[in-house]
Amino acid sequence: MPRTTPLAPLLVALLAALLGPPALPAAPAGSTGLTAAVRARDVLPAEGLVASSVVPLPDQAALDAHYYLAEESLLGLGRTADAVFARYRTEAGEMLLLVAAYPSAEEAERVYRRFGGDFFSKVFEPASPRFVEKIETGDWAGAARKGPVLIVVLEAPDRTSCDGLLRRAEEKAAAVKIP
């Protein structure tokens with residue numbers, strides 16, 4: 001009997017390619033929802049983005065469903081943070097980008113220090129606003145903070161790709177207007 005491919009996943013992929021990623025829902029007026037001043041989605045660089053891969057991360061469970069970082073919530077995801085996860089394609093291969101926006105630069109810095117200290121090797125320098133290194137899996141990873149935004153590149157195939165995506169996201173974060 002011939003094997004057939006279900007149409008639903010193909011239609012979803014086609015619609016995502018045609019319409020772009022879905023918009024994040026707006027918080028209702030007077031809501032006590034997210035308090036991040038910047039939308040994480042606005043920091044995603046367009047170049048290489050796999051639009052259908054953009055996933056909002058309202059909490060640690062949502063992140064764990066897509067990428068397991070640690071048993072605890074290193075990124076402080078929840079009510080006050082706005083975060084997204086996305087896949088990128090480059091000539092060198094695929095990589096993952098996580099962007100989290102916090103209510104303040106101080107909170108983003110606290111999370112960056114804690115995340116970097118737990119995720120990277122002992123040479124991680126918390127005072128530096130960006131860090132890139134080859135991790136034990138053989139992939140490259142990097143993290144940066146720009147104002148209230150934390151940017152993390154995971155599973156990059158090489159240093160150049162990792163650094164390039166990190167820099168493009170940093171530039172987007174710097175250009176985002178904070179209300």
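User: What makes the largest nonpolar core a core, and how many residues does it have?

Analyst: In this predicted model, the largest nonpolar core has 29 residues. The name fits because such a set holds buried nonpolar residues joined through side-chain atoms within 4.5 Å. Leu57, Leu63 and Leu75 have the most contacts inside this core.

User: Which elements each supply at least two residues of this core?

Analyst: Two helices and four strands are named. They are helix 2 (60–66), helix 3 (105–119), strand 2 (82–90), strand 3 (93–101), strand 5 (140–146) and strand 6 (149–156). Helix 3 gives the largest share, four residues.

User: What other core lies apart from it?

Analyst: Another core, of 25 residues, lies apart. Ala40, Val54, Ala101 and Val153 are among its residues.

User: Which residues is leucine 57 in contact with, leaving aside its neighbours within four places in sequence?

Analyst: Leucine 57 is in contact with Ala62, Leu63, His66, Leu77, Ala83, Val84, Phe85 and Leu98. Each pair counts as a contact because heavy atoms lie within 4.5 Å.

User: Why is serine 161 called buried?

Analyst: Buried means under 20% relative accessible area. Serine 161 has 12%, so it counts as buried. Serine 161 lies in helix 4 (residues 159–175). Beyond its neighbours within four places in sequence, serine 161 is in contact with Thr90, Ala92 and Met95.

User: Why is aspartate 139 called partly exposed?

Analyst: Partly exposed is the range between under 20% and over 50%. Aspartate 139 has a relative accessible area of 25%, so the label is partly exposed. Aspartate 139 sits in the loop between strand 4 (130–134) and strand 5.

User: What makes the pair of aspartate 139 and threonine 137 a polar contact?

Analyst: The cut-off for the N or O atoms is 3.5 Å. The side chains of aspartate 139 and threonine 137 make their polar contact at 3.2 Å, within that cut-off.

User: How do you know that aspartate 139 and glutamate 155 are in contact?

Analyst: Glu155 is in the contact list of aspartate 139, along with Glu133, Lys134 and Ala156. That list leaves aside neighbours within four places in sequence. Aspartate 139 and glutamate 155 are 16 residues apart along the chain, yet their C-alpha atoms are separated by 5.1 Å.

User: Is glutamate 155 buried, partly exposed or exposed, and why?

Analyst: Glutamate 155 is at 34% relative accessibility, so it counts as partly exposed. Glutamate 155 lies in strand 6.

User: What is the sign of phi at glutamate 155?

Analyst: Phi is positive there, about 55 degrees, although glutamate 155 is not a glycine. Most residues other than glycine have a negative phi.

Conventions. Residues numbered from 1 in each chain as written. Predicted model: local features only at pLDDT ≥ 70, side-chain atom pairs only at ≥ 80, totals over all residues. Heavy atoms only, no water. Buried < 20%, exposed > 50% of the residue type's maximum accessible area, 1.4 Å probe, protein only. Polar contact = N/O pair within 3.5 Å; in protein donor to acceptor, adjacent residues only side chain to side chain.
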